[in-house]
Amino acid sequence: MACTICDDLRRQLAEAREELQAWRAHGQSEERHAALAGRVRAWRGLFTLTPKLGHGPAIVLMALVDRGGRVVSRGTLFEATRVTPWRRQGDFNSEDSSERVICVHVSRLRGALRIEAAAGRLPEVCASRGAGIESAYGGGYVIPKGLAAELSALVEGEQ
């Protein structure tokens, strides 16, 4: 007799492995690096009041919005930031880095979202303490589908 919780965990693990494999394959292509650089520039364009926000938080936001409504693990977000064109030996994206760097990216991202929302540039939900990014205990982070769609529309509208 199969346990439904075990089956669900197996399914989630399989999805995470597929996603991780896709991110690694994505990082191997120079053409994809160029496309990613343009996309990150567009997402960083949301933050006119916080221009010093780095690439890492923007990439984390992109990954969360792309998976709106789904929990994205810290490991997946860490891999997303590691395979970018901005990866340099010795920086926070090196092989020795910890997934805890994602907590720093999310903290900076939440602060920037709150500043932009207070200025009326982003939806009101971004002005809350969590800035619309919910923490999933032991799992990672999630952005509700509605907010993900709003943020995506803002970025696509500015391009």
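These legends go with close-up views of a predicted model.

**View 1. The largest pocket and what lines it.** This pocket holds about 330 Å³ of space. Helix α1 (residues 4–26) chips in the most to the lining, with 6 residues. The lining residues split evenly by type, into 4 nonpolar, 4 polar and 4 charged. Among them are Arg11, Gln12 and Glu15, along with Arg70, Ser73 and Gly139.

**View 2. Asp7 and Arg10, a salt bridge within helix α1.** Here the closest N and O atoms are 3.0 Å apart. The two residues sit 3 residues apart in helix α1, about one turn of the helix. Asp7 is partly exposed, at 37% relative accessible area, while Arg10 counts as exposed at 54%.

**View 3. Arg11 and Asp8, another pairing in helix α1.** The closest N and O atoms of this salt bridge are 2.4 Å apart. Again, about one helical turn separates the partners, which are 3 residues apart. Both are partly exposed: Arg11 has 42% relative accessibility and Asp8 has 29%. Arg11 also turns up in the lining of the largest pocket.

**View 4. Arg39 and Asp66, a salt bridge between two helices.** The closest N and O atoms of this pair are 2.6 Å apart. Arg39 belongs to helix α2 (residues 30–44) and Asp66 to helix α3 (residues 55–66), so the pair ties together parts 27 residues apart in sequence. Arg39 is partly exposed at 31% relative accessibility, and so is Asp66 at 44%.

**View 5. A salt-bridge network of Asp8, Arg11 and Glu15.** Shared partners join these residues into one network. In total, the structure holds 7 salt bridges.

Definitions and conventions:
Residues numbered from 1 in each chain as written. Predicted model: local features only at pLDDT ≥ 70, side-chain atom pairs only at ≥ 80, totals over all residues. Heavy atoms only, no water. 1 Å grid on protein atoms, 1.4 Å probe; cavity = no way out; pocket = protein on both sides within 12 Å on 5 of 7 lines; lining within 4 Å. Points joined across faces, edges and corners; volume = space filled by probe spheres on them. Helix = DSSP H or I, 4+ residues; strand = E, 2+ residues; numbered from the N terminus. Nonpolar A, V, L, I, M, F, W, Y, C, P; charged D, E, K, R; others polar. Salt bridge = Lys/Arg side-chain N within 4 Å of Asp/Glu carboxyl O. Buried < 20%, exposed > 50% of the residue type's maximum accessible area, 1.4 Å probe, protein only.
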